[in-house]
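Thanks for coming. I have one structure for today, and I will go through it piece by piece. Please have the sequence and the coordinates open.

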Amino acid sequence: CDILFSEFYTAALMGSTPERLEKTVGKRITPLSRDDVEGGDIILQSARKERVGLLIAGDPMAATTHVDLRLRAEKEGIPTEVINGVSILVAAPSALGLQHYKFGRITTIPFIEEGYFPTSPYETIVKNFETGLHTLVLLDIHADEGRYLTASEAMNTLLLMEEKVGGDFFAEHPLVCGLGRVGSKNMVLKCGDIRHMKDEDFGPPLHCMIIPGPLHYMEKEALKAFGRAPDDILKIY
């Protein structure tokens with residue numbers, strides 16, 4: 001590539017820094033804001049004349065913003081190539097030894113704002129469980145403000161959602177898994193009762209969660225070995 005851009009608002013760079021990345025590739029990398037990437041003009045204008053690379057944490061096509069940018073390039077006759085990375089959709093289940101094909105619909109827990117308190121993430125978790133499936137729970141990111149929802153904050157939010165809808169899912173199935181910085185050397189994996197886990201410290205961002213559905217015996221062994229899931233809770237599953 002003649003020009004390299006980067007964006008780290010859809011996901012943060014784990015286990016490295018933009019500066020270390022520059023040193024590794026031996027070329028200047030220009031960071032772009034969310035508006036720059038969603039607008040696309042800076043990237044497309046450069047790509048009309050030169051070979052341009054956009055560096056992204058995780059798998060680039062997991063974000064609709066990047067799909068839209070690629071479509072716009074194709075319409076202009078600018079050839080594109082995708083170099084796939086490892087997505088959190090695959091990395092999180094792998095970290096805990098859970099079977100990938102047993103995951104249902106993914107959900108995201110947002111920052112709760114005044115006048116905005118959806119319960120759809122909780123409802124998705126319950127529906128997945130009833131169908132015999134695990135749930136990967138992504139957590140909201142406001143990178144431009146330096147705000148990253150933590151796993152413990154998300155667990156507290158889920159309990160509030162349960163209270164709001166009058167449910168009892170976590171009373172009967174309290175096992176939750178919190179994951180911090182998946183893919184990095186300082187990754188943290190913790191599994192346990194949500195009533196205790198909601199006060200746990202998972203360290204710096206990024207975090208995500210998995211709410212297990214019914215478990216295969218090997219999945220139970222994996223959660224115990226890798227996430228220190230307690231025997232008394234695993235018996236419920």
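R181 is buried, because its relative accessible area is 6%, and the cut-off for buried is under 20%. This is a predicted model, so please keep that in mind throughout. Where does R181 lie? It is in the loop between β8, residues 175–180, and β9, residues 188–193. The backbone there has a positive phi of about 55 degrees, although R181 is not a glycine.

There is another arginine to put beside it. R228 also shows a positive phi of about 55 degrees, and it is not a glycine either. Is R228 buried or exposed? It counts as exposed because its relative accessible area is 60%, and exposed means over 50%. R228 sits in the loop between α10, residues 217–227, and α11, residues 231–234.

Back to the strand that precedes R181. How many of the six residues of β8 are buried? Six of six, and the strand is mostly covered in that sense. In general, side chains in a regular strand alternate between the two faces of the sheet. In β8, one side carries L175, C177 and L179, and the other carries V176, G178 and G180. Every one of these is buried, so both faces of β8 are covered.

Now the partners of β8. With β9 it runs antiparallel, and six bridges join the two. Within that pairing, L175 has D193 of β9 as its bridge partner. β8 also pairs with β10, again in the antiparallel sense, over four bridges. There, G180 stands opposite H207 of β10.

Just ahead of β10 is a backbone detail to check on your screens. The peptide bond from P205 to L206 is cis, with omega near 5 degrees. L206 belongs to the loop between α9, residues 194–197, and β10.

From β10 we can move across to β5. β10 covers residues 207–211, and it pairs with β5 in the antiparallel sense over four bridges. One of the matched pairs is T135 with I211, the latter in β10. β5 itself spans residues 135–139, and four of its five residues are buried, so I would call it mostly covered.

Which strand pairs with β5 in the parallel sense? That is β4, residues 107–109, and the pairing runs over three bridges. T108 has L138 of β5 as its bridge partner. Between the two strands the chain passes through helix α6, residues 120–130, and the resulting β-α-β crossover is right-handed.

One residue of that helix can be followed further. T124 lies in α6. Why does T124 count as buried? Because its relative accessibility is 12%, and the cut-off is under 20%. Not counting residues up to four places away in sequence, T124 touches R105, T107 and T135. T107 falls in the range of β4, and T135 in that of β5, so this residue of the helix has contacts in both strands of the crossover.

The next stop is in another part of the chain. G40 is in the loop between α2, residues 34–39, and α3, residues 41–47. Its relative accessibility is 0%, and G40 therefore counts as buried. Leaving aside neighbours within four places in sequence, G40 is in contact with L69 and R72. As a distance to check, the C-alpha atoms of G40 and L13 are separated by 21 Å, and the two residues are 27 apart along the chain.

Last, the numbers for the whole chain. There are 11 helices and 10 strands. Of the 237 residues, 44% are buried. Taken along the principal axes, the C-alpha atoms fill a box of roughly 60 × 40 × 30 Å. The accessible surface comes to about 12900 Å², and 52% of that belongs to carbon and sulfur atoms.

What share of the contacts between residues at least 6 apart in sequence joins residues at least 24 apart? The figure is 73%. On charge, the chain has 25 positive and 34 negative charges, and their mean positions are 6 Å apart.

That is the end of the tour.

Note on methods. Residues numbered from 1 in each chain as written. Predicted model: local features only at pLDDT ≥ 70, side-chain atom pairs only at ≥ 80, totals over all residues. Heavy atoms only, no water. Buried < 20%, exposed > 50% of the residue type's maximum accessible area, 1.4 Å probe, protein only. Pairing = 2+ DSSP bridges. Right-handed = clockwise from strand over helix to strand, strands pointing away. Contact = heavy atoms within 4.5 Å. Areas by Shrake-Rupley, 256 points an atom, 1.4 Å probe, with all protein chains shown as cover. Lys, Arg positive; Asp, Glu negative; His and termini not counted. Charge placed at Lys NZ, Arg CZ, Asp CG, Glu CD.
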